[in-house]
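Trainee: Could you take me through one part of this model in detail, namely the largest nonpolar core and the strands around it? I would like a connected account that I can follow with the structure open beside me.

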Amino acid sequence: LKAYDLDSDSSISYTITQIHPESGNDFMVSENLGFVQLTTLSELNYETESFYILRITALDEGGKTGQTTIRVLVENLNDEDPVFSQDEYGVSLSELTSIDTPILAVMATDADNNTNNAVTYSITGGNDGE
């Protein structure tokens, strides 16, 4: 970001207002090497907030202001682990149980949104007499 003031060498100060979500202080704006830098102040998480709307105001020494709006889109990463509905499952079977008889259903959910929340299952151990 950079604001220009056509009035001589007037210095410009900047402020930021977070429009969406209304409460929060997730970003800051600061001058650095002649341009304005937008910096995050908190960890962003798509599942909590998928976008932010910020208003940047530039103020010159004469009290004149200019504004711009920035929309920050948060990318959805696969950052949540699947969680099973139970910590442990158990079942008792008769030795007369037929082959291909369903014996237990397990369920896991993933807090990620969209395509990152698909859960696949595999048996990785336990078939060795333990």
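Mentor: Before we start, a residue is called buried when its relative accessible area is under 20%, exposed when that area is over 50%, and partly exposed in between. Please keep in mind that this is a predicted model.

The largest nonpolar core has 12 residues in all, namely I12, Y14, F27, V29, V36, Y52, L54, I56, A58, I70, V72 and V74. At least two residues of this core are supplied by each of the strands β1 (12–20), β2 (27–32), β4 (51–60) and β5 (65–73), and the largest share, four residues, comes from β4. As a general background, nonpolar side chains in soluble globular proteins tend to be buried together.

A good place to begin is Y52, which lies in strand β4. Because its relative accessible area is 5%, Y52 counts as buried. Once its neighbours within four places in sequence are left aside, Y52 is in contact with Q18, H20, P21, D26, F27, L44, I70, R71, V72 and V74; among these partners, F27, I70, V72 and V74 are also members of the core. As for T68, this residue is 16 residues from Y52 in sequence, and the two C-alpha atoms are 14 Å apart in space.

V29, another member of the core, is in contact with Y14, T15, I16, V36, Q37 and I56, again leaving aside its neighbours within four places in sequence.

One of those partners, T15, is found in strand β1 and, at 44% relative accessibility, counts as partly exposed. Not counting residues up to four places away in sequence, T15 touches V29, R55, I56 and T57. The C-alpha atoms of T15 and I56 are separated by 5.8 Å, although the two residues are 41 residues apart along the chain.

T57, which T15 touches, lies in strand β4, and its relative accessibility of 14% is why T57 counts as buried. Beyond its neighbours within four places in sequence, T57 is in contact with S13, Y14, T15, T65, G66 and Q67, and with Q67 there is a polar contact of 3.3 Å between the two side chains.

Away from the core, you can also look at a nonpolar surface patch of about 750 Å², made by F84, V91, L93, I103, L104, V106, M107 and Y121. Within that patch, F84 is found in strand β6 (residues 83–84) and is partly exposed, with a relative accessible area of 43%.

Notes. Residues numbered from 1 in each chain as written. Predicted model: local features only at pLDDT ≥ 70, side-chain atom pairs only at ≥ 80, totals over all residues. Heavy atoms only, no water. Patch = residues over 30% accessible without salt bridge, like charges linked within 9 Å, V, L, I, M, F, W, Y side chains within 5 Å. Areas by Shrake-Rupley, 256 points an atom, 1.4 Å probe, with all protein chains shown as cover. Salt bridge = Lys/Arg side-chain N within 4 Å of Asp/Glu carboxyl O. Buried < 20%, exposed > 50% of the residue type's maximum accessible area, 1.4 Å probe, protein only. Core = buried A, V, L, I, M, F, W, Y, C linked by side-chain atoms within 4.5 Å. Contact = heavy atoms within 4.5 Å. Polar contact = N/O pair within 3.5 Å; in protein donor to acceptor, adjacent residues only side chain to side chain.
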